[in-house]
Amino acid sequence: MDSQTIVAPMTPMGVSAVAALRVSGTHVRDVVRRLFGDKSAEKLKPREACLSTARDPQTGKIIDSLLYIYFAAPNSYTGEDVLELYPHGNPLIVRDLLQAIRSIDGVRLAEPGEYTRRAFLNGKMDLTQAESVADVIHSANRAELENAHRLLSGALSKKIATLTTQVKDISARLELDVDFAEEEADPDFAGWQEKFENIRESIKSILNSFRGKANLSRLPLAVLYGAPNAGKSSLVNALLGEDRVLVSNVPGTTRDFVEVRLFLDGGEIRLVDTAGIAEHATDELDALSMKKSREILEEADMKILVLDGNNSVAQNNGSVILSEAQAKSKNLKPDFVVVSKCDLKTATPNSEFRIPNSLCISSKTGAGLTELKRAMNATLFKKQDNQEDLWITSEREKACLEDALAGVDRVLDLLHKNPAVELLAFEMQLVRRALQSITGEISSEDILQSIFAGFCIGK
Ligand SMILES: Nc1nc2c(ncn2[C@@H]2O[C@H](COP(=O)(O)OP(=O)(O)OP(=O)(O)O)[C@@H](O)[C@H]2O)c(=O)[nH]1
Ligand SMILES: [Mg+2]
């Protein structure tokens, strides 16, 4: 393995209260000595937080007063000696500290995912766990995060280990038969067939659970739309709890759609405020705005129609939108209807307006907003049926499982035909190898390269 010591920031470059850097490798003690002095290196104790002043080893200039913790191998994330440093979160300090550590002999900047790669190579985790580290960081909602945690704790590894053992056991029996073939032992083809049918089912069910990588850019999208002046922009501000988008009593205030991020219980979502959709456009710009509103509605996971509860004309207009929606345009069909401005006395929902998914709200008083958020959460973060069970997210693991499944099919085919046991043993070995490569019991430099290249630096 690469004997060089690596260093990288763990936190993004930006201003924050505290930043974090990590050093891993055999030169960790040396780094402590050069930054904090001989005494600090001598009294270095594992897992003890030390407050000290870091100085540039070349110039002796103060870099920062900071906290650091040492983890002695093998009891660290990577399994090597590790030093974590927590300077103030000023990018100038982080750069200076990084530069100072890199200038020490035997230390270089870490490559993406290199800490986790070393953790895998040192047996701290298997490949499914290493891959799930990226999922833990990039999960966009609670369900994904919980799944990532299940993967990280080794839930998939356990399932794969069970399957591998089952295949190994049968292979071992078979190999006995190959060795003692002249004694004409009777291979238990029927029994093995049943076992392989079960293995096949298990592999298929893991394969069917595949969902793709956790991805922050796949946030669910809710779109607010409705007649001009209905109170859409006010609702965006009220949901965010801050004055982010422009509000006025002039219909047509919002021209282009505006996207904001909103946190709901289940996770983060994209919320879009659109230009009001009237029956007729007043001018070319108005027509263009309405066209854009309709376009973004096509992408929406939840379309929320806002009806002006204080304006019967607008409400009728809303009803027009709604009836048009129900009559022909699938795009305008709302998933949820909000009747706005319920703080105003005249704001009573039209009695003919009976829609199951509707709610009266006020952006002024906040009435109904909690219920609206709950409804959005329920639609955008639907509960999964297999909440307790896990799903796989790695294309690589999926490909290995497909290889294993194809192998199992070949084994089953052979078993039907009462084959030569050598052939059967060979196919079983291929199944076993496909399963073992999922957890990385068998892996190659190329595979590791492609897995860890997708990680961020510092992980
Ligand atoms: N009393 C009261 N007034 C509201 C409420 N929500 C919005 N308004 C008022 O209604 C007017 C229109 O609000 P906006 O949020 O700009 O409406 P909009 O739907 O974004 O309008 P366009 O961008 O023109 O399509 C403003 O004068 C708001 O102050 C509410 O809950 N209560
Ligand atoms: Mg607006």
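Two residues are in contact when their C-beta atoms, placed from the backbone, lie within 7 Å. With that in hand, we can walk through the structure, which is a predicted model.

We begin with one residue. Ile 101 belongs to helix 3, which spans residues 91-102. Leaving out residues up to four places away in sequence, Ile 101 touches Val 7, Val 23, Val 31 and Val 107. Is Ile 101 buried or exposed? A residue counts as buried if 20 or more other C-beta atoms lie within 10 Å of its own. Ile 101 has 26 other C-beta atoms within that 10 Å, so it is buried. Ile 101 can also be related to Asp 56: the two are 45 residues apart along the chain, and their C-alpha atoms are separated by 8.5 Å.

Helix 3 leads on to a sheet. The helix lies across strand 1 (5-9), strand 3, strand 4, strand 5 (62-71), strand 6 and strand 8, and it runs at about 65° to strand 5. These strands form an open sheet of six, in the order 4-5-6-3-1-8, with mixed pairing. At its edges are strand 4 (49-55) and strand 8 (107-109), each pairing on one side only. Neighbouring strands here are turned by 30° against each other on average, direction ignored. Inside the sheet, strand 3 (residues 21-24) and strand 6 (residues 82-86) run antiparallel and are joined by four bridges. Val 23, one of the residues that Ile 101 touches, stands opposite Leu 83 in strand 6.

Next comes helix 5, residues 127-138. From first C-alpha to last, its 12 residues reach 17 Å, close to the 16 Å expected at 1.5 Å a residue. Nine of the 12 are buried, so helix 5 is largely enclosed by the rest of the structure. Among the buried residues are Leu 127, Gln 129, Glu 131 and Asp 135.

Further along the chain is another open sheet of six strands, in the order 10-11-9-12-13-14, again with mixed pairing. Strand 10 and strand 14 (358-360) stand at the edges with a single partner strand each, so one side of each has no neighbour in the sheet. On average, neighbouring strands of this sheet are turned by 25° against each other, direction ignored.

The pairings can be followed strand by strand. Strand 10 (residues 258-264) is joined to strand 11 by a hairpin of two residues, and the two strands pair in the antiparallel sense over seven bridges. In this pairing Phe 263 stands opposite Glu 268 of strand 11. Strand 11 (residues 267-273) also pairs with strand 9 (residues 221-226), this time in the parallel sense, over four bridges; here Ala 222 has Leu 271 as its bridge partner. Strand 13 (residues 336-339) and strand 14 are parallel too, with three bridges, and Val 339 is partnered by Cys 360. Helix 12 (residues 369-380) lies across all six strands, 9 to 14, at about 90° to strand 10.

The model also holds a ligand. Which residues come nearest to ligand 1? Of the 23 around it, they are Gly 231, Ser 233, Ser 234, Thr 254 and Gly 276. The shell comprises six nonpolar, 13 polar and four charged residues.

Last, the protein as a whole. It contains 15 helices and 14 strands, and 37% of its 459 residues count as buried. Of the contacts with a separation of 6 or more, 65% are between residues 24 or more positions apart.

How values were computed
Residues numbered from 1 in each chain as written. Chains lettered and ligands numbered in written order. Predicted model: local features only at pLDDT ≥ 70, side-chain atom pairs only at ≥ 80, totals over all residues. Near = placed C-beta within 6 Å. Nonpolar A, V, L, I, M, F, W, Y, C, P; charged D, E, K, R; others polar. Pairing = 2+ DSSP bridges. Axes fitted to C-alpha atoms, helices over the stretch in contact; angles between N-to-C directions. Expected span 1.5 Å × (residues − 1).
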